[in-house]
Amino acid sequence: LHPANPTMIDRLDRDLNVQRAALNARAYRQELLASNIANADTPHYKARDLDFKAALSAAEGNREAGGTVALARTQAGHLPGADAGPWSGALRYRTEYQGAVDGNTVNMDVERAAFAENAMQMEALITFVRGRLRDLGTAIQGQ
């Protein structure tokens, strides 16, 4: 096959890559939010969240939006910098609404709302992908 003439499978794969990246970003955000909730009573814990737009842009190949940083070893004793993952450039610390005496920035109302919203958006993405695959199956069967 000629690279200028992509196959149907290539087009389907490219089409579903966006949904796959979005689901991966949503799953990672869910982990972050769960971690924030789990550490609500941990002194000096700083709540984090994922900038979804930057994460999705980075996953689609626009690395500037994700903002990953390459580390250089300037001395022999320096440890090599490990890639912190595809979402590292999109991680943000949550804005503190009311400071806690122990330095913790987790606001349980904000975290629970973000967790529920993210879960609902994940369900919507899964429903969309499921419908897309069902439509493709119907088209293949010719019904």
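# Exercises on salt bridges and helix H1

Asp51 has a relative accessibility of 29%, so it counts as partly exposed. Keep that residue in mind for the first exercise, and remember that you're working with a predicted model.

**Exercise 1.** Find the salt-bridge partner of Asp51 and work out which parts of the chain the pair ties together.

*Solution.*
- Step 1: Look for a positive side chain by Asp51. Arg92 fits, with the closest N and O atoms 3.8 Å apart, which makes the cut because the limit is 4 Å.
- Step 2: Place both residues. Arg92 sits in strand E2 and Asp51 in the loop between E1 and H2, so the pair ties together parts 41 residues apart in sequence.
- Step 3: Check the partner's surroundings. Arg92 is partly exposed, at 37% relative accessible area.

**Exercise 2.** Compare the span expected for helix H1 with the distance between its end C-alpha atoms, then look for a kink.

*Solution.*
- Step 1: H1 covers residues 8-38, which is 31 residues.
- Step 2: At 1.5 Å a residue, the expected span is 45 Å.
- Step 3: The end C-alpha atoms are 45 Å apart, so the two values agree.
- Step 4: Now follow the axis. There's a kink of about 30° in H1, centred on Asn17.

**Exercise 3.** Work out which elements the buried residues of H1 pack against.

*Solution.*
- Step 1: Pick out the buried residues of H1. Among them are Ala21, Ala22, Ala25, Leu32 and Leu33, and the list also includes Arg26 and Arg29.
- Step 2: See what they pack against: strands E1 (48-50) and E2 (91-93), plus helices H2 (52-59) and H4 (108-141).

**Exercise 4.** Take the salt bridges of Arg20 and Arg29, and decide for each residue involved whether it is buried or partly exposed.

*Solution.*
- Step 1: Start with Arg20. Its partner is Asp13, with 3.3 Å between the closest N and O atoms.
- Step 2: Read off the accessibilities for that pair. Arg20 has 42% and Asp13 has 40%, so both are partly exposed, given that this class runs between 20% and 50%.
- Step 3: Go on to Arg29. It meets Asp49 in a salt bridge at 2.7 Å, N to O.
- Step 4: Place that pair. Asp49 lies in strand E1 and Arg29 in helix H1, so the bridge ties together parts that are 20 residues apart in sequence.
- Step 5: Check burial. Asp49 is buried, at 9% relative accessible area, and Arg29 is buried at 9% too.
- Step 6: Widen the view. Arg29 and Asp49 belong to a salt-bridge network together with Arg94 and Glu111. The whole structure has six salt bridges.

**Exercise 5.** Find out how far Arg26 is from the nearest side chain of opposite charge, and list what it touches.

*Solution.*
- Step 1: Locate Arg26, which is in helix H1.
- Step 2: Search for an opposite charge. The nearest one is on Glu117, 6.3 Å away, and Arg26 has no salt bridge although it is buried. That distance can't count because a salt bridge needs 4 Å or less.
- Step 3: List the contacts, skipping neighbours within four places in sequence: Phe52, Asn118, Gln121, Met122 and Leu125.

**Exercise 6.** Describe the phi angle of His44 and say whether the residue is buried or exposed.

*Solution.*
- Step 1: His44 is in the loop between H1 and E1.
- Step 2: Its phi is positive, about 65°, although His44 isn't a glycine.
- Step 3: With 58% relative accessibility, His44 counts as exposed.

Terms used
Residues are numbered from 1 along each chain as its sequence is written. This is a predicted model: local features need pLDDT of at least 70, side-chain atom pairs count only at pLDDT 80 or more; totals for chains, interfaces and linings use all residues. Side-chain values use heavy atoms; hydrogens and water are left out. Helices (H or I, at least four residues) and strands (E, at least two) are DSSP runs, numbered from the N terminus. The expected span of a helix is 1.5 Å times one less than its number of residues. The bend at a residue is the angle between axes fitted to the seven residues ending there and the seven starting there. Buried means under 20% relative accessible area, exposed over 50%, partly exposed in between (1.4 Å probe, protein chains only). Contact means heavy atoms within 4.5 Å. Lys and Arg count as positive and Asp and Glu as negative; His and the chain ends are not counted.
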